[in-house]
Amino acid sequence: MPDKDWFNDLLSSGKYSMMQSFLEPQAELTFSKLAKNTQALDNMVYKGKIHTDALPGFYIYEQEDQSGMSQFGIWTLTCVEDYRNGMILAHEQTLSEHAERLRLYRENVGLEANPVLLTYPRNQTLSSLIEFATVLEPDHTFSIKGTKHSIWAITDKGTQEQMTAAFSEITKVCIADGHHRLEAAASGSCRDKWISTLYVSCGQLSSKAFHRMVLPSRPVRKESFFLFLSTYFKIFESGENLPVKPDRAGQLGLYFQKRWYKLEFLPGVKDQPDVSLLQENILATYFEIEDPRTDSRLKCWPDTAWMGMINVATGHPEGILFTLFSISAQRLLDLAISGQQLPPKSTYIQPRVPYGLLMHRTETKARYAY
C-alpha cells in the first residue's frame, strides 16, 4: 500500500500518471525496461513510499463518485488454482498478445498494481461484514479526479475467519475485469500462485457497453450492405441524424456514410447477447472479421469514451460504427456459469481501481542485478 502523504502529494503534483506509465506493462518489454521497473519498485519500498504487509488478510475498498454513489468490495489474494479448476469463470475471450506481455511482466518484475475484479451472487454474510466494518473511519483515503477511494484493513481474527467461511460457501465467481491478468498468471511459470483480487457482488457492479468500429478492407456499397442487414434487422433512420445510443437489448446503432440508423433485431433471431450476434452474423459473415482478438480492422470503444469515439468515426468516412446496449453484471455471471464466452472487449465494468492503490509483489523466477 502506498504511503498516504507521499501518494496524496503524488496526486496533487500531477506526477501520478508519470509513475503509472513507467511502472505498468508496456507494449514493448525489453530486458532493460524490466530491470528498470524492478529497481524502481524496490527503491520505493526501501524509501518507505510503499508499505508492505507480509501477513495474509482482507481489505474493504469503497469507491465514491462525485454524485455520491458508492461501490464496495473485498480485496484479498486468490489462489490461481481456483481459475485452473473452474471455480473462477471467464465471460470474455482474451487477446493472446496482451496476456503474454502481462505474463512476462509478472514473472520478471513481480508487480500486480491492479486487482482482478471478480463478481459473485450477493452473499448476506459478506454484505453484513462490509457494512459493520465501514461504520468506522477508513484507514486510508485518497481522492483521484474527483473520486474518493477508501480502504479499511481487516485485522480482527474473528472477522477474518467469518469472511473466510463466507467465501467458502461461494462455489463459483465470474471475472468482471482482468481476464488477461488472470490468464497470464495461470499460464506462466511464476512460483507465486496468488493473485490480487477485488470481490464485488453483482448488485454493486456497473456494466457499460463496448462499441465497435469497422475499418473495411474494401469499399462498402449501401444497397448491398443494407440488403444484408435486413436479414437480421429492421432499419430506421435517426431523426435529425442524431447519434443512436441503444436503450435496450435487441437494438443497435449504426453510423454509416455520415448517417445514423437504428437497428432492431427481427423476431426469431436466436437468444444471444447483442455483441455475440453482431460478431457472428455481421462482423464475421459480412466483413470476414472471424477473430476479433487479432483483426486490425476492428476497433473497440468503451461507452465512457463516447464523444471521443464519435469524433474519430466522423473523421473516418470509410469507418462503420456499431453502438450497443450494455450487458448487466447478473447476465455476465449467468453466461459464465452456462459456459458461454463473449468476444473480447464486450463490457466495461466499474469500479475501476486506480493503479498502485494496493499492490501485490509476486515471487519472481529471477531477479535482476543492478
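**Figure 1. Helix 7 lies across four strands of the predicted model.** In this predicted model, helix 7 crosses strand 1, strand 2 (70–79), strand 7 and strand 9 (194–201). The direction of helix 7 makes about 80 degrees with that of strand 1. Strand 1 (residues 58–64) is itself paired with strand 7 (residues 147–154), in the antiparallel sense and over seven bridges. Within this pairing, Tyr59 has Ala153 of strand 7 as its bridge partner.

**Figure 2. Eight strands form an open sheet with mixed pairing.** The order of the strands across the sheet is 3-8-5-9-2-1-7-6. Strand 3 (88–89) and strand 6 (140–144) each have a single partner strand and stand at the edges, so one side of each lacks a neighbour in the sheet. Strand 1 and strand 7, joined by seven bridges, follow one another in this order.

**Figure 3. Helix 6 and helix 7 pack against each other in a left-handed crossing.** Two packed helices are described by the angle between their axes and the distance between the axes. Here the axes of helix 6 (residues 124–133) and helix 7 (residues 157–168) come within 9 Å and cross at roughly 155 degrees. Helix 6 is therefore roughly antiparallel to helix 7. Helix 6 contributes Thr125, Leu126 and Leu129 to the contact, and helix 7 contributes Thr159, Gln162, Met163, Ala166 and Phe167. By class, five of these residues are nonpolar and three are polar, with no charged residues in the contact.

**Figure 4. Helix 12 packs on the sheet and carries Asp334.** Helix 12 (residues 329–338) touches strand 3, strand 5 (116–120) and strand 8 (173–177). Its direction makes about 125 degrees with that of strand 8. Asp334, which lies in helix 12, has a relative accessibility of 39% and counts as partly exposed. The C-alpha atoms of Asp334 and Pro121 are separated by 10.0 Å, although these residues are 213 residues apart along the chain.

**Figure 5. Strand 12 is mostly covered.** In strand 12 (residues 251–256), six of six residues are buried. In a regular strand the side chains alternate between the two faces of the sheet. Gln251, Gly253 and Tyr255 point one way from strand 12, whereas Leu252, Leu254 and Phe256 point the other way. The residues of both sets are buried.

**Figure 6. Strand 12 pairs with strand 13 and with strand 15.** Strand 12 and strand 13 (residues 259–265) are antiparallel and share six bridges. One of the bridge partners in strand 13 is Glu264, which is matched with Gln251. The hairpin of these two strands has two residues between the strands, and Gln257 takes a positive phi near 50 degrees there. Strand 15 (residues 320–323) also runs antiparallel to strand 12, and three bridges join the two. In strand 15, Leu321 is the bridge partner of Tyr255.

**Figure 7. The whole protein contains twelve helices and 17 strands.** The protein has 370 residues, of which 50% count as buried. Among contacts between residues at least 6 apart in sequence, 80% join residues at least 24 apart.

Technical notes:
Residues numbered from 1 in each chain as written. Predicted model: local features only at pLDDT ≥ 70, side-chain atom pairs only at ≥ 80, totals over all residues. Heavy atoms only, no water. Axes fitted to C-alpha atoms, helices over the stretch in contact; angles between N-to-C directions. Parallel < 35°, antiparallel > 145°, perpendicular 65-115°, else oblique. Left-handed = near helix turned anticlockwise from the far one by under 90°. Contact = heavy atoms within 4.5 Å. Nonpolar A, V, L, I, M, F, W, Y, C, P; charged D, E, K, R; others polar. Pairing = 2+ DSSP bridges. Buried < 20%, exposed > 50% of the residue type's maximum accessible area, 1.4 Å probe, protein only.
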